[in-house]
Amino acid sequence: MHQEREPAVVVDGLRKTYGEKVAVDEISLIVHEGEIFGILGPNGAGKSTTVEAIAGLRVGDRGRIRVHGIDPWTDRAALTEVLGVQLQEAKLQPKITVQEALELWSAFYPDPEPWAPLAERLGLGTHLSQRFEDLSGGQQQRLSIALALIGRPRVVVLDELTTGLDPRARREVWDLVRDVRDRGVTVILVTHSMEEAQTLCDRIAIVDAGRIRALDTPAGLIDAGTAATITTFDTSAAIDLVSLREMDGVTAAYSANGTVTVEGAEGVALAVIEALRMQGVSPQRLRVAAGSLDSAYLDLTDTPQEITR
Ligand code: ADP
Ligand code: MG
């Protein structure tokens with residue numbers, strides 16, 4: 001008989017205020033075992049507060065959380081055996097060396113992963129005697145991932161892992177996160193980068209102002225957005241943008257420097273091409289692309305000016 005697998009993490013009706021400030025209004029979600037679950041949203045959305053509550057570092061005013069059946073607010077000791085965490089604000093002592101940090105963390109766990117092969121796997125093998133302050137940003141992040149993994153967690157929380165990294169270091173860290181997932185560890189990834197969420201996550205919760213605005217796979221979110229497909233073409237002819245905008249499924253049509261862009265639901269592209277033919281226009285450099293998370297995200301969050309990519 002099919003056995004329903006226990007979810008890795010259940011968050012049910014979480015609320016957290018700091019005095020007057022409502023950081024998390026009401027958040028409920030389920031993270032499945034073995035997935036990379038993204039929490040995406042602008043600064044101040046309540047992402048860190050949510051994962052800190054999951055990691056037992058903050059206690060909610062309301063709600064209930066379970067991590068593999070453990071209550072993180074009352075049983076921190078049991079929690080540390082199943083959950084590893086890399087926090088947004090965590091900074092190690094500047095003078096500590098890579099090896100010292102790995103040994104220190106190992107001492108916290110009854111059955112730590114041997115740190116030397118772990119360091120090797122994370123590309124830190126040749127940096128063991130280097131001090132934290134002398135590591136590059138990417139190396140520091142890799143060390144923080146190593147420290148989050150050393151207790152052999154079943155769930156790892158990574159908060160704003162690649163913020164401030166250059167594109168190459170970002171990609172290396174992304175590969176690492178996929179490796180971690182491929183080894184069977186459930187990953188909760190907090191990010192404000194749409195690209196990162198779209199690239200890495202199996203499912204994404206878009207959070208804004210302490211609430212979940214949408215929760216789906218990246219493809220599901222894109223399809224639900226107002227620009228599932230984006231059609232662009234060049235033309236020197238005058239285009240009747242108004243009639244394009246009135247077409248079924250079209251959410252936006254605009255023109256700049258001879259390039260026309262039409263955004264809309266799946267299937268709009270063919271209708272647009274047909275409409276152009278009727279107008280006697282032959283489009284040049286016609287491109288049809290799947291939309292990105294951007295439009296879904298912008299539709300769902302109120303504070304687009306804070307987005308950094
Ligand atoms: P995010 O990680 O999405 O940027 P946070 O969870 O860190 O958001 O913060 C949510 C809101 O709660 C923000 O407005 C933030 O300023 C506020 N906040 C976070 N921590 C505290 C705290 N310790 N005291 C007061 N306000 C806080
Ligand atoms: Mg944060």
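Let's start with A209, which counts as partly exposed because its relative accessibility is 46%, and partly exposed sits between the 20% and 50% cut-offs. A209 belongs to the loop that links β8 (203–208) to β9 (211–216). Its backbone is worth a look too: phi is positive, at about 50 degrees, although A209 is not a glycine. Keep in mind throughout that this is a predicted model.

R285 is another non-glycine residue with a positive phi, near 50 degrees. You'll find R285 in strand β13 (residues 284–290). With a relative accessible area of 57%, R285 is exposed, because the cut-off for that class is over 50%.

**How far to trust it**

On confidence, the protein chain averages a pLDDT of 90, and 95% of the residues score at least 70. The stretch to watch is residues 304–309, where pLDDT drops below 50; in the model that stretch still has nine contacts beyond near neighbours in sequence.

**The chain as a whole**

The protein chain has 309 residues, and 50% of them count as buried. Its secondary structure adds up to 11 helices and 13 strands. Along the principal axes, the C-alpha atoms fill a box of roughly 75 × 50 × 45 Å. If you look at contacts with a separation of 6 or more, 67% of them come from residues 24 or more positions apart. As for surface, the chain exposes about 15,000 Å², with carbon and sulfur atoms supplying 49% of that.

**Around ligand 1**

Which residues surround ligand 1? The set is Y18, K21, A23, P42, N43, G44, A45, G46, K47, S48 and T49. Here are three of the polar approaches to oxygen atoms of the ligand:

| Residue | Atom on the protein side | Distance to an oxygen atom of ligand 1 |
|---|---|---|
| K21 | polar side-chain atom | 3.4 Å |
| G46 | backbone N or O atom | 3.0 Å |
| K47 | polar side-chain atom | 2.8 Å |

On its own, ligand 1 has 560 Å² of accessible area, and the protein covers 64% of it.

S48, one of the residues around the ligand, lies in helix α1 (residues 47–54). Is S48 buried or exposed? It counts as buried, because its relative accessibility is 17% and the cut-off is under 20%. Setting aside neighbours within four places in sequence, S48 is in contact with Q88 and D159.

**Nonpolar cores**

In soluble globular proteins, nonpolar side chains tend to be buried together. Here the largest nonpolar core has 47 residues, and L102 and L143 touch the most other members. Outside its neighbours within four places in sequence, L143 is in contact with L92, V98, A101, L102, L124, F132 and L135. There is also a second, separate core of 28 residues, with V31, A53, I54 and V155 among them.

**A strand residue to finish**

A252 is part of strand β11 (residues 250–256). Not counting residues up to four places away in sequence, A252 touches T261, V262 and E263. What is the C-alpha separation between A252 and A227? The two residues are 25 apart along the chain, and their C-alpha atoms are separated by 8.2 Å.

How values were computed
Residues are numbered from 1 along each chain as its sequence is written. Chains are lettered from A and ligands numbered from 1 in the order in which they are written. This is a predicted model: local features need pLDDT of at least 70, side-chain atom pairs count only at pLDDT 80 or more; totals for chains, interfaces and linings use all residues. Side-chain values use heavy atoms; hydrogens and water are left out. Helices (H or I, at least four residues) and strands (E, at least two) are DSSP runs, numbered from the N terminus. Buried means under 20% relative accessible area, exposed over 50%, partly exposed in between (1.4 Å probe, protein chains only). Contact means heavy atoms within 4.5 Å. pLDDT is the predictor's confidence in each residue, from 0 to 100. A residue is near a molecule or strand if one of its heavy atoms lies within 4 Å of it. A polar contact is a pair of N or O atoms within 3.5 Å; within protein, one must be able to donate a hydrogen and the other to accept it, and residues adjacent in sequence count only if both atoms are side-chain atoms. Accessible areas come from the Shrake-Rupley method with a 1.4 Å probe; for residues, only the protein chains shown count as cover. A nonpolar core is a set of buried Ala, Val, Leu, Ile, Met, Phe, Trp, Tyr and Cys residues joined through side-chain atoms within 4.5 Å.
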